[in-house]
Structures are given as C-alpha cells and as structure tokens.
Amino acid sequence: MRDPMLIVHILGVVMTAGAILAYVFIRMSATKLSGNEGKNLLLNVSALYKMGNIGLILVLLTGGYLMTPYWSTLGSTPLLIVKLLLFLIVGALLGMMSGSDKKAKKGNAEKHLAKTAIFGNISLVIVIIIIILAVSIFH
C-alpha cells in the first residue's frame, strides 16, 4: 500500500509545485504583453489554483498515511516539523493567491494581481525548500 500512496503523493507534489511554477512563468510572460492583454491573461489562470489545491489535498491525505512510521519520532526531527509547517504555509499562500485572483476579477485588478505575484514568488521558494527538506529527511 505504501508504493501507491507514494505515487499519489508525488503526483500531488507535482500538481502543487507545477501550478505555482506555471503561474510564475505565466506572470513573466504577461509582463511582456501590453497592459490589457497581460492583465487578461493573469485573470484567466484560475485553473492553476484549482490544480494546486487538488495537489495539496492529495499531499495532505497521502502524507498523513506515509508519515505513520514517523509520528512517534516527530518531536526529535526538527527538519520534518519545519517541512510540515512550510506545507501549511504553502496551503495558506495558495488560498491567498486564489482569493486575490477572485478579488482582481471584481475590480482593482492591478492591486490584487500584484499581491498574487508576491504570494506566488514566496510560494515558489517555499515549495523548493520543502522538496529539498523532503529529500534530505527521507533519503
């Protein structure tokens, strides 16, 4: 049962990291377009947030199962605690990105898209750190 869970877990990581990475690259492309074209492009990436959220749910569900042998030693593994906390932060940031996207569609798009960009950059850095921590902890 561990291998199928690990496969689904990695798929969730790929979906989450991929959504964030795709957003960053789409935002970079949008800055090269004229004002309205770039703004319209960024206002139509809601599917990325959905994909990222689905990935987070997969990671949460499978990660809980995969952590079964480690729950008893969690207190003595500070890097694992940091990784789990960073996972929660990424979830919050994805939620804030989605919220800013919805607000941008209602009005004052520039202000809310700028917030989404900041959240996206922070999320990308944190996801990379999470992957590095996961490799170093479970290697």
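Helix axes are lines fitted to C-alpha atoms over the stretch in contact, and the angle between two of them runs from 0 to 180 degrees between N-to-C directions. Keep that in mind for the helix exercises below, and remember that the model is predicted.

**Exercise 1. Get your bearings.**
Task: find how many helices and strands the protein has, and describe its overall extent.

Solution:
- Start with the secondary structure: the protein holds 5 helices and 0 strands.
- Next, walk along the sequence, where the pattern reads α-α-α-α-α.
- Then look at the C-alpha trace, which spans about 55 × 25 × 25 Å along its principal axes.
- Finally, consider burial: of the 139 residues in the protein, 37% are buried.

**Exercise 2. Compare two helix pairs.**
Task: work out how α3 lies relative to α4, and how α1 lies relative to α5.

Solution:
- Take helix α3 (residues 46-66) and α4, whose axes come within 10 Å and cross at roughly 155 degrees.
- Angles over 145 degrees count as roughly antiparallel, so α3 is roughly antiparallel to α4.
- The handedness of this crossing, where α3 passes α4, is left-handed.
- Now turn to α1 and helix α5 (residues 109-138): their axes approach within 9 Å, with a crossing angle of roughly 140 degrees.
- The cut-off of 145 degrees is not passed here, and α1 and α5 are therefore oblique to each other.
- Where α1 passes α5, the crossing is left-handed.

**Exercise 3. Track down the salt bridges.**
Task: locate the salt bridges, and say where each partner sits and whether it is buried or exposed.

Solution:
- Begin with the count, which comes to 2 salt bridges.
- One of them joins E110 and K39, with the closest N and O atoms 3.6 Å apart.
- This pair links distant parts of the chain: E110 belongs to helix α5 and K39 to helix α2 (residues 35-42), with their positions 71 residues apart.
- Check accessibility next: E110 counts as exposed because its relative accessibility is 52%, whereas K39, at 23%, counts as partly exposed.
- The other salt bridge is between the side chains of K105 and D101, at 3.5 Å from N to O.
- Both K105 and D101 are in helix α4 (residues 78-106), 4 residues apart, which is about one turn of the helix.
- Their accessibilities are 46% for K105, so this residue counts as partly exposed, and 3% for D101, which therefore counts as buried.

**Exercise 4. Inspect a loop residue.**
Task: which residue has a positive phi although it is not a glycine, and where is its place?

Solution:
- The residue is N108, with a phi of about 55 degrees.
- Place N108 in the structure: it is in the loop between α4 and α5.
- Then judge its accessibility: at 48%, N108 falls short of the over 50% needed for exposed, so N108 counts as partly exposed.

**Exercise 5. Find a nonpolar patch.**
Task: name the residues that make a nonpolar surface patch, and then look at M28 in detail.

Solution:
- The patch is made by L21, F25 and M28, and its area is about 280 Å².
- Follow M28 to its element, helix α1 (residues 2-30).
- Last, classify M28: its relative accessibility is 41%, so M28 counts as partly exposed.

Key. Residues are numbered from 1 along each chain as its sequence is written. This is a predicted model: local features need pLDDT of at least 70, side-chain atom pairs count only at pLDDT 80 or more; totals for chains, interfaces and linings use all residues. Side-chain values use heavy atoms; hydrogens and water are left out. Patches are made of residues with over 30% relative accessible area and no salt bridge: like charges are joined within 9 Å, nonpolar side chains (Val, Leu, Ile, Met, Phe, Trp, Tyr) within 5 Å. Accessible areas come from the Shrake-Rupley method with a 1.4 Å probe; for residues, only the protein chains shown count as cover. A salt bridge is a side-chain nitrogen of Lys or Arg within 4 Å of a carboxyl oxygen of Asp or Glu. Buried means under 20% relative accessible area, exposed over 50%, partly exposed in between (1.4 Å probe, protein chains only). Angles under 35 degrees count as roughly parallel, over 145 as roughly antiparallel, 65 to 115 as roughly perpendicular and the rest as oblique. A crossing is left-handed if the near helix is turned anticlockwise from the far one by less than a right angle, and right-handed if clockwise.
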